[in-house]
Amino acid sequence: MFSRVTRAAPRLARASQRRQFGAQAEVEYEGFEKVVRGVLPKDEHVVAGILGGYFALYLVFKGVSAVGGKKDAAPAPVAAAPSTSSAIPSVEDENFGKWIEEPSNLEKLVASIEK
């Protein structure tokens with residue numbers, strides 16, 4: 001039984017078609033892609049065109065926002081008057097920096113820490 005298989009196997013191997021791994025066949029494009037492929041024939045050209053289109057949109061957006069999107073400057077924050085009270089503000093308080101600049105306030109802080 002196996003003798004038939006061994007005799008038939010070499011015949012099948014010789015009869016099969018040999019593949020050459022050639023290039024793809026030409027593709028016929030239709031509609032919009034036919035117009036695009038008329039200008040950009042290779043896949044690499046299409047990719048470069050799409051990236052160029054996105055970059056052009058980015059430049060247009062940046063150009064429009066730089067020219068027309070100017071906003072009024074925010075008013076300068078008003079500096080708080082230094083506190084003369086004996087209370088020491090919290091370190092996380094926004095007025096602590098101004099408060100600590102006063103030499104007398106610095107002495108108050110040091111005295112409260114030493115207690």
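Reader: In which helix is leucine 57 found?
Author: The model is a predicted one. Helix H3 spans residues 43–68. Leucine 57 therefore belongs to a run numbered from the N terminus, and that run is helix H3.

Reader: Does leucine 57 count as buried or exposed?
Author: The relative accessibility of leucine 57 is 58%. The cut-off for the upper class is over 50%, so leucine 57 counts as exposed.

Reader: Which residues make the nonpolar surface patch of about 550 Å²?
Author: Leucine 57, which is exposed, is one of the members of this patch. Patch residues need over 30% relative accessible area and no salt bridge. The full membership is Val47, Ile50, Leu51, Tyr54 and Leu57.

Reader: How many helices does the secondary structure of the protein come to?
Author: From the N terminus on, the elements run α-α-α-α-α. There are 0 strands, and the helices number 5.

Reader: What share of the residues of the protein counts as buried?
Author: The accessible surface comes to about 11,000 Å², with 61% of it belonging to carbon and sulfur atoms. A residue is buried when its relative accessible area is under 20%. Of the 115 residues, the share that counts as buried is 5%.

Reader: What separates glutamate 33 and arginine 37 in helix H2?
Author: Glutamate 33 forms a salt bridge with arginine 37, and their closest N and O atoms are 3.7 Å apart. Both lie in helix H2 (residues 32–39). Because they are 4 residues apart there, the separation is about one helical turn.

Reader: Which of the classes, buried, partly exposed or exposed, applies to arginine 37?
Author: Its salt-bridge partner glutamate 33 has 38% relative accessibility and counts as partly exposed. Arginine 37 has 16%, and the limit for the lowest class is under 20%. Arginine 37 therefore counts as buried.

Reader: Which residues are linked in a network of salt bridges?
Author: The structure holds 2 salt bridges. One joins glutamate 33 to arginine 37, and another joins aspartate 43 to arginine 37, with the closest N and O atoms 2.8 Å apart. The network consists of Glu33, Arg37 and Asp43.

Reader: How much space lies in the largest pocket?
Author: Gln24, Ala25, Glu26, Val27, Tyr29, Arg37 and Asp43 line this pocket. By class, the lining has 3 nonpolar, 1 polar and 3 charged residues. The space in the largest pocket is about 200 Å³.

Note on methods:
Residues numbered from 1 in each chain as written. Predicted model: local features only at pLDDT ≥ 70, side-chain atom pairs only at ≥ 80, totals over all residues. Heavy atoms only, no water. Helix = DSSP H or I, 4+ residues; strand = E, 2+ residues; numbered from the N terminus. Buried < 20%, exposed > 50% of the residue type's maximum accessible area, 1.4 Å probe, protein only. Areas by Shrake-Rupley, 256 points an atom, 1.4 Å probe, with all protein chains shown as cover. Salt bridge = Lys/Arg side-chain N within 4 Å of Asp/Glu carboxyl O. 1 Å grid on protein atoms, 1.4 Å probe; cavity = no way out; pocket = protein on both sides within 12 Å on 5 of 7 lines; lining within 4 Å. Points joined across faces, edges and corners; volume = space filled by probe spheres on them. Nonpolar A, V, L, I, M, F, W, Y, C, P; charged D, E, K, R; others polar. Patch = residues over 30% accessible without salt bridge, like charges linked within 9 Å, V, L, I, M, F, W, Y side chains within 5 Å.
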